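I opened my notebook to look at how the helices of this chain pack. Here is the model I worked from.

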Amino acid sequence: MLWNKSLETGIESVDKRNIDIFTQLDDLANIRHEQRKVLQMLDNLEEFVKKNFSMEENLHEALDFPDAYLHKSHHKKYIVTLHRFRARYLENGATLANVIDFEKNVIEMLKHHIACYDMHFAMYYRSRVTSSRLWTPLFAETGR
Ligand SMILES: [Fe+2]
């Protein structure tokens, strides 16, 4: 599986949804489907990712997460990456370039997002729950 313990944030609802996304990515990466099926899987993945990001953003808002805007902008970038991949796949199919694009951008970008952005939020989440002082904003001088 593409997901591993190093991507665990410790926030159960976030981790469960992230694992579900990686399960869908596994299906896309490991199985050679006909193009119509792949496009349907990509559409389902995008829908699920959007719901997941929305749930995360609601949690950010509920906890007054100071870096919510930055985090949300990365969510948007990932959706754009999925759209671009879908368009290239629709045009060219399962070319070597598209397989590499899928691995380098669709999968690795999500891993990067979880490892950096979701983990950063998880530290904030824990600081709110436990009053820990370990968390600091990414950009302390934002003027917010
Ligand atoms: Fe996120």
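My entries below go helix by helix and then to the cores.

Entry one, the ground rule. I am reading a predicted model.

Entry two, helix α2. I looked up its extent first: α2 covers residues 35-62, 28 residues in total. From its first C-alpha to its last I get 40 Å, close to the 40 Å expected at 1.5 Å a residue. I then listed the buried residues of α2, and they are V38, L42, V49, F53 and E56. Just after α2, I noted that D64 takes a positive phi of about 50 degrees.

Entry three, α3 and α4. How do the axes of these two helices cross? For α3 (residues 68-92) and α4 (residues 96-130), I found the axes coming within 11 Å and crossing at roughly 170 degrees. An angle over 145 degrees counts as roughly antiparallel, so α3 is roughly antiparallel to α4. On the α3 side, the residues that meet α4 include H71, Y78, L82, F85 and Y89; on the α4 side, my list includes F102, V106, L110, H113 and F121. The residues of this contact divide into ten nonpolar, seven polar and two charged.

Entry four, the cores. Which residues have the most contacts inside the largest nonpolar core? I wrote down L82, V106 and L110, in a core of 13 residues. The elements giving two or more residues to this core are α1 (12-30), α2, α3 and α4. I followed L82 further: leaving aside neighbours within four places in sequence, L82 is in contact with L42, E46, V49 and V106. Apart from this core lies another, of five residues, among them F65, Y117, Y124 and Y125.

Key. Residues are numbered from 1 along each chain as its sequence is written. This is a predicted model: local features need pLDDT of at least 70, side-chain atom pairs count only at pLDDT 80 or more; totals for chains, interfaces and linings use all residues. The expected span of a helix is 1.5 Å times one less than its number of residues. A residue is buried if 20 or more other C-beta atoms lie within 10 Å of its own, exposed if 12 or fewer, and partly exposed in between; C-beta atoms are placed from the backbone. Axes are lines fitted to C-alpha atoms, for helices over the stretch in contact, and angles run from 0 to 180 degrees between N-to-C directions. Angles under 35 degrees count as roughly parallel, over 145 as roughly antiparallel, 65 to 115 as roughly perpendicular and the rest as oblique. Two residues are in contact if their C-beta atoms, placed from the backbone, lie within 7 Å. Ala, Val, Leu, Ile, Met, Phe, Trp, Tyr, Cys and Pro count as nonpolar, Asp, Glu, Lys and Arg as charged, and the others, Gly among them, as polar. A nonpolar core is a set of buried Ala, Val, Leu, Ile, Met, Phe, Trp, Tyr and Cys residues joined through C-beta atoms within 7 Å.
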